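Student: I have just opened this structure for the first time. Could you show me how to read it, one feature at a time?

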Amino acid sequence: MGKTKHSGPIKLPSKPDSKLWVSKVPFGLGKIKPHHIRDTIKVMAENKDNLPYAFRILTQGVCDGCALGVSGLYDQTLDGPHLCTTRLNLLRLNTMPAIKQEILHADIDELRQMDSTQLRKLGRLPYPLIRRNGERSFSRITWDEALDMVADKIRHIDPKQLAFYLTARGITNESYYAAAKAARFLGTNNIDNASRICHSPSKTALKRSVGIGASSCNYKDWIGTDVLVFWGSVAANNQPVSTKYMYAAKRKGTKIIVINPYREPAMDGYWVPSIPESALFGTKIADDFYQVNIGGDIAFMHGVMKHWFEMERAQPGSAIDHTFVREHVNGYESLRSHVQQQSWSQLERSSGLTQERMYEFAQLLAGAKSAVFVWSMGLTQHRFGTDNISQVANLALLRGFLGREYCGLMPIRGHSGVQGSGEMGADPFSLPGGEFKGADIPRIEKVWGFPLPRWQGDIVGVTLENALLPYDHERKLKLFYTSGGNFLETMPEPEFVRSCLESVDIRVHQDIVLNTSTLVDARETVLVLPAMTRYEQPGGGTSTSTERMVYFSPEIEGPRIPEARPECQIYGDLAARVYPKHKELVTFKDAHALRKEMAAAAPNYEGVQHLRNKGDVFQWGGAWLCEDGICPTPDGRGNLIAVELPELRKPEGHFYVTTRRGKQFNSMIYSDTDPFNAADRFDVLLCLEDAKKLNIAQDDAVVAYNQYGTFHGRAKLVDIASGNLELYWPEGNVLLPKGVYEPHAGIPEYNAAAILEKAETYFALKDKRYVEKRIEELETEVIG
């Protein structure tokens, strides 16, 4: 842990800089861009029935959107107010009234005609609901009846047949902690969360490379670093407030590099609404784009290091920080030998970039005194995600970009609650403050006062698949308790997921709104329980930002859903009903008592028990983890790891496919049109060169297909690396393979190979032999 403390927010320059302007035309008139003023007015209109409450949420609460950690309208990075459309879009979830009873209790097929956006707009869940197998509508049920039914089921099944899942919708650290404790109290290690599906390779790789499981630096380190690299991350879209930090970085002379197959318009230029100069004329963000192939990042990084080692032969010290490596790093010779064996032709073919382009990036980093590497799911959600992140760590270790100001490794988080989920023990590999192994198990048993199950729990993808096991199998999923989450729209092969959900005896959906997964049948019963939002939680709650800031969000006065309950209390109540003689072990007097135990169970969270008021915050670990190059590894040194190059082969006419986000928050979609490129949700993004080869023109109807599914859409010609396609998520999930997990961290594979054809060609030639022949070609490919 570092000794240096975060120094607090800094001021923006007062004078404008026209060199950074995107356009001299005010407000980007005539350009495709978000309309922040219009969107803000729209949000005000949506919340007109609860405007005072909405205003209090914005000015008193901690943002329930991305994990930048905005408390009220302020953060720890920059002076001045911060507000973004992501947070504004989420506001209605907290202020809307309950669903009308005549809609809520309508025939289930009427509800199933709605998509998740329409279901969300119906309103909040007003009271507990039940729908037994064969029933055509939801019925009202009391909390006692619902929880007693669940408790009775738990008592009659093997704990391995019980699983919990928590999504990231504004869930607090307290709820993650209470769920993690309740699950283990009930004898199951089958507990998982949305954070692990997004960033588990980040934690796994950082642990093995430098001994940490979180960002090593702060957002302030962006502002003044020589080079700021965004790797597989579209922060301007997914964490819009971060554009203000990018603006500040540009004003300090920082070079911003984006590594992504698609030249994302949001990272090219952005109109930052809270900065008058930028709101008027926009801000040029990226200095350069390196358009790697989907899955080609490891090859690209191999190429950068290969250049460095060649530079070292010509002039020692020109590329590697030998002092840092000698004093703080293991594995240098092994990595150098491994990299030097790579052929340039293979690196170029895999990465999609030339040797010369790799040299440009190698020179840029070699000449930099500082750099911050930021990444997201473009690097993690691969079957080789952990190796991707270890490669990024290799670059940082070779250059000494760790443990000091303006340097670091940052897995940027997309949700305000997810950093704390694993730190509170809400996944099968974690316990509060540690891992589910070794000395951490007896340590937690001492704090909690009961023995933990010693078997390894399943990740949520495997848990869902276990619903299809024979009924007498010890891991057959019989009770699935999920807080939020919509698996039909977040997991590969949606129809397979539907069959899994339908095969569970009892499913419990603890949430604030309905979604399409809630409406799926179960073998016996579906229960829907109304949860409170973070702003309603009695005694307030905490969340942990990307930069390890633990923020207190107070309970905010306002209208309430009378029967909604705080999630951290529901878990304790359920566990106490299963084993009432030991209820004192899993229930808490109040939120303060819960935070007091959190501090005892997770040493990094010492101090969370003192957070009580609006604005209370502390940062665990200090300003920089691995400060002065000293890593929390057994020998205090970082580890260079030689990773293998994923083999990426595809016949002519085949494509790598990945998914991207539009105007949405996770799977919650707020517009059918992407404000950055005017694409429709069913557009297929491809480059002009590939389109010409296939005789495809702009807006042509096209079909992308593979052995997993078929996607019908229209061609959208954009600046994307040749041989790559991007589709919107979750619509594009039909092309993704089920049951493919990264071996180290268990993250699902969110990329695939596919064939793209004009729709008229596909349907003219569509017969069983034609499709099977083309798919057979795909099955001979190796991706990963």
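**Reading the model together**

Tutor: Gladly! Let's start with a pair of helices: the axes of H8 and helix H25 (residues 567-578) come within 8 Å and cross at roughly 15 degrees. H8 is therefore roughly parallel to H25. Keep in mind as we go that this is a predicted model.

Student: What two quantities describe a pair of packed helices?

Tutor: Two packed helices are described by the angle between their axes and by the distance between the axes. For H8 and H25 you have just met both values: roughly 15 degrees, and within 8 Å. You can add the handedness too, as the crossing of H8 and H25 is left-handed.

Student: Which residues of H8 and H25 meet?

Tutor: From H8 come Glu174, Ser175, Ala178, Ala179, Ala182 and Phe185, and they meet Glu567, Cys568, Tyr571 and Ala575 of H25. Sorted by class, this contact of H8 with H25 has seven nonpolar residues, one polar and two charged.

Student: Can we try another pair? At what angle do helix H2 and helix H3 pack?

Tutor: Helix H2 (residues 51-60) and helix H3 (residues 85-95) pack at about 125 degrees, and their axes are 10 Å apart. H2 and H3 are therefore oblique to each other. The crossing of H2 past H3 is right-handed. On the H2 side you find Tyr53, Ala54, Ile57 and Leu58, which meet Arg87, Leu88, Leu91, Asn94 and Thr95 in H3. In this contact of H2 with H3, six residues are nonpolar, two polar and one charged.

Student: Now for sheets. In what ways can strands pair?

Tutor: Strands of a sheet pair through backbone hydrogen bonds, in either a parallel or an antiparallel way. For an antiparallel case, look at the open sheet of three strands in the order S18-S19-S20. Strand S18 (541-544) and strand S20 (617-619) are at the edges with a single partner strand each, so one side of each has no neighbour in the sheet. On average, neighbouring strands here are turned by 20 degrees against each other, direction ignored.

Student: How many bridges pair S19 with S20?

Tutor: Three bridges pair strand S19 (residues 549-553) with S20 in the antiparallel sense. To find one on screen, pick Val550 and look for its bridge partner in S20, Phe618. Our earlier helix returns here: H8 (residues 173-185) packs on this sheet and touches S18 and S19, with its direction at about 95 degrees to that of S18.

Student: And what does a parallel sheet look like in this model?

Tutor: Five strands form an open sheet in the order S9-S6-S5-S11-S12, with parallel pairing. Its edge strands are strand S9 (288-290) and strand S12 (408-411), each of which pairs on one side only. Within it, strand S5 (residues 227-231) and strand S11 (residues 371-375) run parallel and are joined by five bridges. Phe230, for instance, has Val374 in S11 as its bridge partner. Helix H9 (residues 194-210) lies across S11 and S12, running at about 155 degrees to S12.

Student: Which side chains make polar contacts with Arg357?

Tutor: Arg357, which sits in helix H18 (residues 355-366), has a polar contact of 3.1 Å with the side chain of Asp288. Another, of 2.7 Å, joins the side chains of Arg357 and Glu360. Beyond its neighbours within four places in sequence, Arg357 is in contact with Asp288, Phe289 and Tyr290.

Student: Where is Arg637, and which backbone oxygens does its side chain reach?

Tutor: Arg637 is in the loop between S20 and strand S21 (638-639). Its side chain reaches the backbone oxygen of Arg326 at 3.1 Å and that of Val329 at 2.6 Å.

Student: Finally, what should I know about backbone angles?

Tutor: Most residues other than glycine have a negative phi, and most peptide bonds are trans. Here Arg548, in the loop between S18 and S19, has a positive phi near 70 degrees. The peptide bond from Trp729 to Pro730 is cis, with omega near 15 degrees. You will find Pro730 in the loop between strand S28 (724-728) and strand S29 (751-758).

Note on methods. Residues numbered from 1 in each chain as written. Predicted model: local features only at pLDDT ≥ 70, side-chain atom pairs only at ≥ 80, totals over all residues. Heavy atoms only, no water. Axes fitted to C-alpha atoms, helices over the stretch in contact; angles between N-to-C directions. Helix = DSSP H or I, 4+ residues; strand = E, 2+ residues; numbered from the N terminus. Parallel < 35°, antiparallel > 145°, perpendicular 65-115°, else oblique. Left-handed = near helix turned anticlockwise from the far one by under 90°. Contact = heavy atoms within 4.5 Å. Nonpolar A, V, L, I, M, F, W, Y, C, P; charged D, E, K, R; others polar. Polar contact = N/O pair within 3.5 Å; in protein donor to acceptor, adjacent residues only side chain to side chain. Pairing = 2+ DSSP bridges.
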